[in-house]
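Here is a friendly note for anyone opening this structure for the first time. Please keep the view at hand and follow the points in order.

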Amino acid sequence: MSAPAAPVTAAEADVNSLAFWDARFARSWQVDHGPEQTRFFGELALATLPQWLRQHIQQRRLSVCDWGCALGEGTALLARGLGTVVTGVDFSATAIDKAQQQHPGLAFLCEDWLAEDLGDVYDLVFSSNTLEHFEQPWRVFARLAQHARCHVVLLLPFREPAESRYFEHCVSFEPANVPLSPAPGWCLVDAVVSDLGPSPFWHGEQVLLVYSRSEALAALGLRDGQCSASRLAAPVPEATAVSAALAEAHRQRDAHAAAIQLLLAENRELRACQAVAALGPAARAAQWARRL
């Protein structure tokens with residue numbers, strides 16, 4: 001994936017400005033293989049979407065928004081792959097105009113959710129490789145969550161080294177800075193990490209994060225074992241204080257179990273001796289003879 005063309009104006013140098021993205025979509029998006037990268041990320045999202053969520057979307061025909069849809073290649077993929085209504089939203093009129101021309105059967109809206117309190121509410125809001133462009137990505141999540149009834153699904157670069165971070169990216173997502181509850185009433189339900197290796201569209205890892213409203217989860221009756229990021233199935237890391245404490249607890253458990261077994265064996269032997277002692281001399285002699 002090549003870097004975008006150099007900005008022409010100061011406004012175009014701000015990676016979150018409308019001028020920057022209008023210029024990108026007008027001048028260099030196709031040249032820089034933006035459509036191919038968007039399709040690649042859309043296919044990755046469909047491939048890693050948890051099965052429980054895919055079934056929920058298809059059975060309930062959930063409405064989906066593709067936020068930051070660019071020219072709509074990912075929006076079209078999601079609509080076909082999920083078999084439900086998917087609407088593309090972007091703040092660039094240049095991108096939306098091209099998306100409408102290229103995908104006339106889909107709905108695309110030019111809306112700036114971060115600047116204005118407008119826009120519809122969807123059952124699920126999906127966004128691919130957008131939050132890393134912001135210094136405060138979880139504040140952006142809170143704005144997206146206002147447009148989602150049930151779920152927010154994010155596809156993000158993961159463990160991107162800060163020293164080699166792509167110039168448009170402001171943050172690197174790591175296990176330590178991915179919140180379990182980024183906004184009141186929302187919780188992380190599922191996470192899938194993909195190592196893309198030498199892919200031409202992204203070198204390294206991507207993570208798919210599924211956040212859901214608490215009441216939506218309660219209605220689903222979802223169980224931990226149904227989630228890719230199951231806490232019950234995950235082993236405790238070996239090199240942690242928790243695992244050391246757990247290992248000591250297991251050692252003590254095994255030691256107590258062995259001691260109990262020894263006491264039971266001694267008790268059985270004592271009962272046997274007492275039973276023999278209660279017999280008469282002839283019976284005791286016959287009992288010992290049988291033992292020998």
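The points below go through a strand and its neighbours, then aromatic rings, then charged pairs.

1. A word before starting: this is a predicted model. Residues are numbered from 1 along the chain as its sequence is written, which should help you find your way.

2. A good place to begin is strand 1, which covers residues 64-67. The side chains of V64 and D66 point one way, while those of C65 and W67 point the other way. This fits a general pattern: in a regular strand, side chains alternate between the two faces of the sheet. All four of these residues are buried.

3. Next, look at what pairs with strand 1. Strand 2, residues 86-90, pairs with strand 1 in the parallel sense over four bridges, and here W67 stands opposite V89. To get from strand 1 to strand 2 the chain passes through helix 4 (residues 73-82), and this β-α-β crossover is right-handed.

4. Strand 1 has another parallel partner in strand 4, residues 122-128, joined to strand 1 by three bridges. In this pairing, C65 stands opposite V125. Recall that C65 and W67 point the same way from strand 1; C65 has its opposite residue in strand 4, and W67 has its own in strand 2.

5. Now for the aromatic rings. How many aromatic pairs does a search of the whole structure find? The count is 14. One of them joins F20 and W21: the ring centres are 5.0 Å apart and the planes stand at 75°, so this pair is edge-to-face. F20 is buried, with a relative accessible area of 5%, and W21 also counts as buried, at 13%.

6. F141 and Y211 make another edge-to-face pair, because their ring planes lie at 65°, with the centres 5.0 Å apart. F141 belongs to helix 6 (residues 137-145) and Y211 to strand 7 (residues 205-213), so the contact ties together parts that are 70 residues apart in sequence. Both residues are buried. They also belong to one aromatic cluster, together with W138, F173 and W186.

7. On to the charged residues. As a general matter, side chains of opposite charge can pair when their charged atoms come close. In this model the count comes to six salt bridges.

8. One of these salt bridges joins E168 and R24, with the closest N and O atoms 3.4 Å apart. E168 sits in the loop between strand 5 (148-158) and strand 6 (186-195), whereas R24 is in helix 1 (residues 18-28), so the pair ties together parts that are 144 residues apart in sequence. Are these partners buried or exposed? E168 counts as buried at 3% relative accessibility, and R24 counts as buried at 8%.

9. R159 and E205 form a salt bridge with a closest N and O distance of 2.7 Å. R159 is in the loop between strand 5 and strand 6, E205 is in strand 7, and the two are 46 residues apart. R159 is partly exposed at 37% relative accessible area, while E205 counts as buried at 19%.

10. Finally, D254 forms a salt bridge with R253, the closest N and O atoms being 3.0 Å apart. D254 is partly exposed, at 44% relative accessible area, and R253 is partly exposed too, at 48%. Elsewhere, salt bridges that share partners join R24, D32 and E168 into one network.

Definitions and conventions. This is a predicted model: local features need pLDDT of at least 70, side-chain atom pairs count only at pLDDT 80 or more; totals for chains, interfaces and linings use all residues. Side-chain values use heavy atoms; hydrogens and water are left out. Rings of Phe, Tyr and Trp (its six-membered ring) pair if their centres lie within 6.5 Å; planes under 30 degrees apart count as stacked, over 60 as edge-to-face and the rest as tilted. Buried means under 20% relative accessible area, exposed over 50%, partly exposed in between (1.4 Å probe, protein chains only). A salt bridge is a side-chain nitrogen of Lys or Arg within 4 Å of a carboxyl oxygen of Asp or Glu. Two strands pair if DSSP finds at least two bridges between them. A crossover is right-handed if, with the strands pointing away from the viewer, the path from the first strand over the helix to the second runs clockwise.
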